[in-house]
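Reader: I'm new to this one. Could you walk me through the labels people put on its residues?

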Amino acid sequence: MNKLRLTLKESPALPLEGELICPDIMKTLSLEEIEKLPLLYGNKTYPLADFFLVEGEPAENLELIGDYARVKRLGEKMTCGTITIHGDVGMHTGNGMSGGLLEIKGNAGDWLGGEMKGGTIHVRGNAGDCVGGAYRGSTKGLNNGAIVIDGNCGHMAGELM
């Protein structure tokens with residue numbers, strides 16, 4: 001099975017927007033294009049390679065290694081493939097997801113699987129507040145798919161499911 005591995009060089013001091021770290025986007029790009037993907041950090045964009053060591057080959061299967069607790073929006077709007085994360089993840093992971101598998105071998109931040117429409121998220125640790133919930137002003141939270149949390153989750157889980 002082909003796999004793309006991203007290893008976080010060091011935990012970012014500020015939140016890093018990781019919505020481009022998604023099989024739907026990465027499976028169609030070359031390694032060079034993946035390394036150049038622009039990620040928002042603070043109020044500037046930087047290439048993905050400034051933060052991650054990229055190994056393997058482009059594929060629908062991503063393996064992420066490191067402490068991603070300050071990386072937001074991983075797997076956003078994911079429709080296919082798998083993301084396996086060996087560590088913690090930040091806010092909005094799996095936001096708007098409609099397919100695929102997101103496996104987190106650690107803890108997850110707030111808004112995990114917000115407004116999820118399909119697929120599966122499995123957290124081996126704990127999750128924060130508003131898991132599978134609706135964003136402010138929306139009328140529907142999680143309306144398809146599954147979120148499994150082996151540990152505890154915070155307040156307002158499944159709000160407006």
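Author: Here is how some of those labels are earned. This is a predicted model, where local features need pLDDT of at least 70, side-chain atom pairs count only at pLDDT 80 or more, and totals for chains, interfaces and linings use all residues. Residues are numbered from 1 along each chain as its sequence is written, and side-chain values use heavy atoms, with hydrogens and water left out.

Reader: Why is His 92 called buried?

Author: Buried means under 20% relative accessible area, exposed over 50%, and partly exposed in between (1.4 Å probe, protein chains only). His 92 has a relative accessible area of 16%, so it counts as buried.

Reader: What makes the link between the side chains of His 92 and Tyr 135 a polar contact?

Author: The distance is 2.9 Å. A polar contact is a pair of N or O atoms within 3.5 Å; within protein, one must be able to donate a hydrogen and the other to accept it, and residues adjacent in sequence count only if both atoms are side-chain atoms. So 2.9 Å falls within the 3.5 Å limit.

Reader: Why do Glu 63 and Lys 3 count as a salt bridge?

Author: A salt bridge is a side-chain nitrogen of Lys or Arg within 4 Å of a carboxyl oxygen of Asp or Glu. Here the N to O distance is 3.9 Å, so the pair qualifies. The two residues are 60 apart along the chain, with Glu 63 in strand E6 and Lys 3 in the segment before E1; strands (E) are DSSP runs of at least two residues, helices (H or I) of at least four, numbered from the N terminus.

Reader: How do you know whether Glu 63 is buried or exposed?

Author: Its relative accessible area is 11%, so Glu 63 is buried. Lys 3, at 35%, counts as partly exposed.

Reader: What makes Arg 124 and Glu 103 a salt bridge?

Author: Their closest N and O atoms are 2.5 Å apart, which is within 4 Å, so the rule is met. Arg 124 lies in the loop between E10 and strand E11 (146-149) and Glu 103 in strand E9, so the pair ties together parts that are 21 residues apart in sequence. At 42%, Arg 124 is partly exposed, whereas Glu 103 is buried at 14%.

Reader: How many salt bridges does this rule give?

Author: The count comes to 10.
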